[in-house]
Amino acid sequence: MFPIHDDNPTLRAPVVTWALVILTGAVWVMVQGAGLAPARFEAAICSFGAIPAEVTGEGGLSAGPCAGGGLGAEAMLTSIFLHGGWLHLIGNLWFLWIFGNNVEDSMGRGRFVAFYLLTGLAAAGAHIASDPGSVVPMVGASGAISGVMGGYLVLFPRARVKTLLVLLVFVTVVDLPAFVYLGYWFLIQLMSSGSVASAGVAFWAHIGGFAAGVLLIPLFRRRRATSS
């Protein structure tokens with residue numbers, strides 16, 4: 001199931017959401033070379049990606065793809081703005097665009113910046129805790145965006161999300177309540193987190209970010225924000 005858009009209007013222009021989309025795209029092009037130069041791309045991931053073993057001090061980096069290492073705990077923050085490919089980038093920014101504007105509107109711009117970064121850090125922490133000795137770098141905004149989705153679920157459980165539904169050869173578009181779409185998405189993350197197929201996808205970052213969003217949203221939203 002892939003979200004197309006929601007029916008949830010905003011009161012103010014989502015300036016921070018736009019800025020995060022632009023900033024993340026700029027990092028992809030200017031720091032990672034848009035994935036077109038393999039050496040530059042790999043160096044950026046090893047330098048600024050979150051490597052659990054480097055954060056925790058467990059394991060030996062010489063056995064992994066980033067023998068030289070990079071940042072330590074700071075990479076939990078910088079990794080949010082890196083991506084592993086065009087599809088990874090576009091998919092994450094699409095989800096941020098759909099769900100971020102309403103969450104930003106619910107709390108204001110400054111608080112949304114803090115909320116986004118905190119849920120991203122929580123996501124990185126959950127991933128590192130799930131495999132503290134891993135020497136594989138984690139990159140991507142999906143943990144922070146999962147936090148945005150968790151916040152959206154609490155704020156707007158009944159908002160309608162127009163969703164592309166693909167069942168084998170059957171393709172259609174359906175309107176789903178946000179609690180159905182986001183609940184299904186979270187269930188998939190939980191079910192996938194312990195499977196062999198989870199290799200290469202930081203499902204625990206998605207779970208940790210989503211949970212952080214659910215828990216933090218009451219502290220960040222304005223009192224006027226109500227479910228719709």
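Biologist: Is the crossing of α7 and α8 left-handed or right-handed, and how do you know?

Modeller: In this predicted model, the crossing of α7 and α8 is left-handed. It bears that name because the near helix is turned anticlockwise from the far one by less than a right angle. The two helices pack at an angle of about 145 degrees, and their axes are 10 Å apart.

Biologist: Which residues make the contact between α7 and α8?

Modeller: From α7 come Ser146, Met149, Tyr152 and Leu153, and from α8 come Ala178, Phe179, Leu182 and Trp185. Sorted by class, this contact has seven nonpolar residues, one polar residue and no charged residues.

Biologist: What hand does the crossing of α6 and α7 have, and at what angle do their axes cross?

Modeller: The crossing of α6 and α7 is right-handed. Their axes cross at roughly 120 degrees and come within 7 Å. On the side of α6, the residues that meet α7 are Phe112, Phe115, Tyr116, Thr119, Gly120 and Ala123. On the side of α7, they are Gly143, Ala144, Ile145, Gly147, Val148 and Gly151. By class, seven of the residues in this contact are nonpolar, five are polar and none is charged. Glycine counts as polar under the classes used here, so Gly143 of α7 is placed in the polar group.

Biologist: What makes a group of residues a nonpolar core, and which members of the largest one touch the most other members?

Modeller: The members must be buried residues of nonpolar types, joined through side-chain atoms within 4.5 Å. The largest core has 40 residues, and Phe99, Val103, Phe112, Tyr116, Met149 and Tyr152 touch the most other members. Several helices give two or more residues to this core, among them α1 (15–30), α2 (38–48), α6 (109–130) and α9 (203–220). The largest share, eight residues, comes from α5. Apart from this core lies another, of nine residues, including Ala123, Ile128, Ala202 and Ala205.

Biologist: What does Val103 touch beyond its neighbours within four places in sequence?

Modeller: Val103 is in contact with Phe112, Phe115, Val148, Gly151, Tyr152, Leu155 and Ile217.

Biologist: Why is Asn102 called buried?

Modeller: The relative accessibility of Asn102 is 1%, and the cut-off for buried is under 20%; therefore Asn102 counts as buried. Asn102 is placed in helix α5. If residues up to four places away in sequence are not counted, Asn102 touches Asp6, Asn8, Pro9, Thr10, Tyr152 and Phe156. Asn102 and Leu155 are 53 residues apart in sequence, while their C-alpha atoms are 9.0 Å apart in space.

Biologist: Why does His127 count as buried?

Modeller: His127 has a relative accessibility of 14%, which is under the 20% limit, so the term buried applies. His127 lies in helix α6. Beyond its neighbours within four places in sequence, His127 is in contact with Pro52, Met138, Ala202, Trp204 and Ala205.

Biologist: What makes the phi of Ala34 worth a remark?

Modeller: Phi of Ala34 is near 55 degrees, a positive value in a residue other than glycine. Most residues other than glycine have a negative phi. Ala34 is placed in the loop between α1 and α2. With a relative accessible area of 10%, Ala34 is under the 20% limit and is therefore buried.

Biologist: Why are β1 and β3 called edge strands?

Modeller: The strands β1 (2–6) and β3 (170–177) are the edge strands, and each pairs on one side only. The sheet is open, with three strands in the order β1-β2-β3 and antiparallel pairing. On average, its neighbouring strands are turned by 25 degrees against each other, direction ignored.

Biologist: How do you know that β2 and β3 count as a pair?

Modeller: Pairing requires at least two bridges, and eight bridges join β2 (residues 160–167) to β3; therefore the two strands pair. Among the bridge partners, Val166 is matched with Val171 in β3. The strands β2 and β3 form a hairpin with two residues between them, and Leu168 in the turn has a positive phi of about 55 degrees.

Biologist: Which strands do α5 and α8 lie across?

Modeller: Helix α5 lies across β1 and β2, and runs at about 35 degrees to β1. Helix α8 lies across β1, β2 and β3, and runs at about 115 degrees to β3.

Methods. Residues numbered from 1 in each chain as written. Predicted model: local features only at pLDDT ≥ 70, side-chain atom pairs only at ≥ 80, totals over all residues. Heavy atoms only, no water. Buried < 20%, exposed > 50% of the residue type's maximum accessible area, 1.4 Å probe, protein only. Helix = DSSP H or I, 4+ residues; strand = E, 2+ residues; numbered from the N terminus. Contact = heavy atoms within 4.5 Å. Axes fitted to C-alpha atoms, helices over the stretch in contact; angles between N-to-C directions.
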